[in-house]
Each structure stands twice: as structure tokens, then as C-alpha cells.
Amino acid sequence: MSKTVLYARVSTIDQTLDHQRTQAEQAGFVIDEVFADHAVSGVSTRLRDRAEGKRLYDRLRRGDVLVVRWVDRLGRNYEDVTDAIRHFMREGVVIKTVINSMTFDGATADPIQQAVRDALIAFMAATAQAQAEATKAAQRAGIAAKKDDADKYRGKKPSYDRKTYRQVVDMLAIGNGASEIAKVTGLSRQAVLRIKKTPAASEAALARWGL
């Protein structure tokens with residue numbers, strides 16, 4: 001009998017397993033099992049080298065559905081993510097994302113559809129790695145800023161903390177409007193729009209201020 005498995009990677013204190021499961025259930029998924037790796041880097045540790053990630057390779061069978069919040073939960077290394085998704089597709093496992101409702105499977109035999117699917121997988125995996133690299137750069141900038149107490153080098157202090165920033169990004173990803181997000185988070189609509197327009201710069205500002 002096929003099953004639906006949620007895989008969660010909880011890499012920072014701002015992320016929680018409950019949040020990722022709630023998002024999946026709100027998107028309509030009925031979760032049979034949850035595998036979660038905590039405090040594990042998606043950049044330096046391959047999916048199959050994580051304790052719970054390895055279980056995915058051991059437990060998933062043809063017809064099963066693997067649910068992730070987004071492909072960055074599988075990892076933030078381009079080669080690892082693309083290899084993992086293609087492995088599961090070859091095994092007959094369907095991969096679905098909560099954000100953007102993407103579906104990847106190996107059922108199609110049409111070469112054009114395969115090419116489009118593979119290009120999308122590559123794009124999403126590359127985006128995950130690029131975001132990780134941008135975060136590292138922002139963190140390095142934050143460390144450098146802390147060494148210099150002059151606030152003029154840090155710019156204006158953000159009106160939000162990292163947890164609120166992640167909430168805004170998640171809500172934007174599933175299609176919520178700026179006014180609705182502002183009401184939920186307590187931020188101004190202008191602050192939400194700034195995060196939407198320049199997410200990397202907004203995250204860099206958090207890092208500069210050590211937030």
C-alpha cells in the first residue's frame with residue numbers, strides 16, 4: 001500500500017518541524033509518516049548521509065509520495081538535490097512540494113515533457129544553492145559589521161526579526177498579498193513589499209544587525 005511521507009530538514013532555530021507539517025496539511029496533504037533531520041546543513045551534508053534522509057532511500061517504494069516544503073529541504077547543493085530527485089523518480093516515487101505545488105515523477109515517456117521537467121528540477125536545485133550562498137555572504141557581512149560598531153555601515157535597523165522575515169517569505173511563496181501578510185505579522189505593508197522586492201538585501205540587513 002502506498003504512503004505519503006513528509007521529509008523536513010530543520011536547520012535553524014527559526015524553523016520547526018510542526019510548522020513544516022502544518023503547512024503541508026493546510027495544502028491538502030494527508031501525511032502517513034514524517035522523517036526529520038535537525039541541525040543538519042543542506043550544503044555540506046548529502047541527503048543520503050543524514051540519519052533520516054538515509055531512511056528515505058531505505059523506506060520509499062514505487063507509488064509512494066515524498067512531500068517537502070520546497071526542494072531546499074532536500075538540500076542546498078545542486079548536484080545532491082538533482083541526484084536525489086532523479087533517484088526517487090527512477091524508483092517510482094512521486095515528489096511534491098508544498099510551496100508552488102510542484103510535482104515531479106518519472107511516469108512520462110514523452111521526451112519534451114521529460115526535458116521540461118528536468119530543466120525545472122535543475123532550476124529549482126540551482127536556486128536552492130544560490131540562496132544558501134547568498135545567506136552565507138550575508139552572514140559574513142554581518143560578522144564584519146559586528147566588528148565595526150559604527151551604525152552607519154549597517155544601515156537602518158530592520159523593523160522585523162529573522163522569524164518574522166521567514167514568515168513573510170513563506171506567506172509570499174504561497175500567494176498571500178502584502179496587506180494580508182502585514183496584518184498577520186504586524187509589519188507595515190511597505191516593509192512587506194521591501195522584503196518581496198529584495199529578499200536577499202532584507203536578509204543581509206538582518207545579518208548586519210545580528211538579528
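Visitor: In helix H8, which residues are buried?

Guide: This is a predicted model, and helix H8 in it covers residues 199–208. A residue counts as buried when its relative accessible area is under 20%. Within helix H8, the residues that count as buried are Ser202, Glu203, Ala204, Ala205, Leu206 and Ala207.

Visitor: Which residue with a positive phi follows H8, and near what value is its phi?

Guide: After the helix that spans residues 199–208, the chain goes on to glycine 210. The phi of glycine 210 is positive, and its value is near 70°.

Visitor: How many helices and strands are there in the chain, and in what pattern do they follow one another?

Guide: The chain has 211 residues, of which 44% count as buried. Its elements are eight helices and five strands. Read along the sequence, they give the pattern β-α-β-α-β-α-β-β-α-α-α-α-α.

Visitor: Which element gives the largest share of the largest nonpolar core?

Guide: In soluble globular proteins, nonpolar side chains tend to be buried together. The largest core here has 24 residues, and Tyr7, Leu47, Leu56, Leu66, Ile85, Phe88 and Phe104 touch the most other members. Two or more residues each come from S1, helix H2, strand S3, helix H3 and H4. The largest share, five residues, comes from H3.

Visitor: Which residues is isoleucine 85 in contact with, leaving aside its neighbours within four places in sequence?

Guide: Isoleucine 85 is one of the core residues that touch the most other members. Once its neighbours within four places in sequence are set aside, the residues in contact with isoleucine 85 are Val71, Leu74, Ile95, Phe104 and Ile121.

Visitor: Which parts of the chain does the pair of arginine 59 and glutamate 33 tie together?

Guide: Side chains of opposite charge can pair when their charged atoms come close. The side chains of arginine 59 and glutamate 33 meet in a salt bridge, with N and O 2.9 Å apart. Arginine 59 is partly exposed, at a relative accessible area of 33%. Because the two residues lie in different elements, the pair ties together parts that are 26 residues apart in sequence, namely helix H2 and strand S2.

Visitor: Are arginine 73 and aspartate 72, which meet in a salt bridge, buried or exposed?

Guide: The side chains of arginine 73 and aspartate 72 meet at 3.2 Å, N to O. The relative accessibility of arginine 73 is 1%, and that of aspartate 72 is 4%. Since buried means under 20%, arginine 73 counts as buried, and aspartate 72 is likewise buried.

Visitor: Which residues are joined into one network by salt bridges that share partners?

Guide: The structure holds 13 salt bridges, and one of them is formed by arginine 73 and aspartate 72. Salt bridges that share partners make a single network of Arg69, Asp72, Arg73, Arg76, Arg166 and Asp170.

Visitor: How far from a polar atom of the side chain of arginine 9 is the backbone oxygen of aspartate 72?

Guide: Arginine 9, in strand S1, is buried yet has no salt bridge. The nearest side chain of opposite charge is that of aspartate 72, 5.4 Å away, whereas a salt bridge needs the atoms within 4 Å. The backbone oxygen of aspartate 72, however, lies from a polar atom of the arginine 9 side chain at 2.5 Å.

Conventions: Residues numbered from 1 in each chain as written. Predicted model: local features only at pLDDT ≥ 70, side-chain atom pairs only at ≥ 80, totals over all residues. Heavy atoms only, no water. Helix = DSSP H or I, 4+ residues; strand = E, 2+ residues; numbered from the N terminus. Buried < 20%, exposed > 50% of the residue type's maximum accessible area, 1.4 Å probe, protein only. Lys, Arg positive; Asp, Glu negative; His and termini not counted. Polar contact = N/O pair within 3.5 Å; in protein donor to acceptor, adjacent residues only side chain to side chain. Core = buried A, V, L, I, M, F, W, Y, C linked by side-chain atoms within 4.5 Å. Contact = heavy atoms within 4.5 Å.
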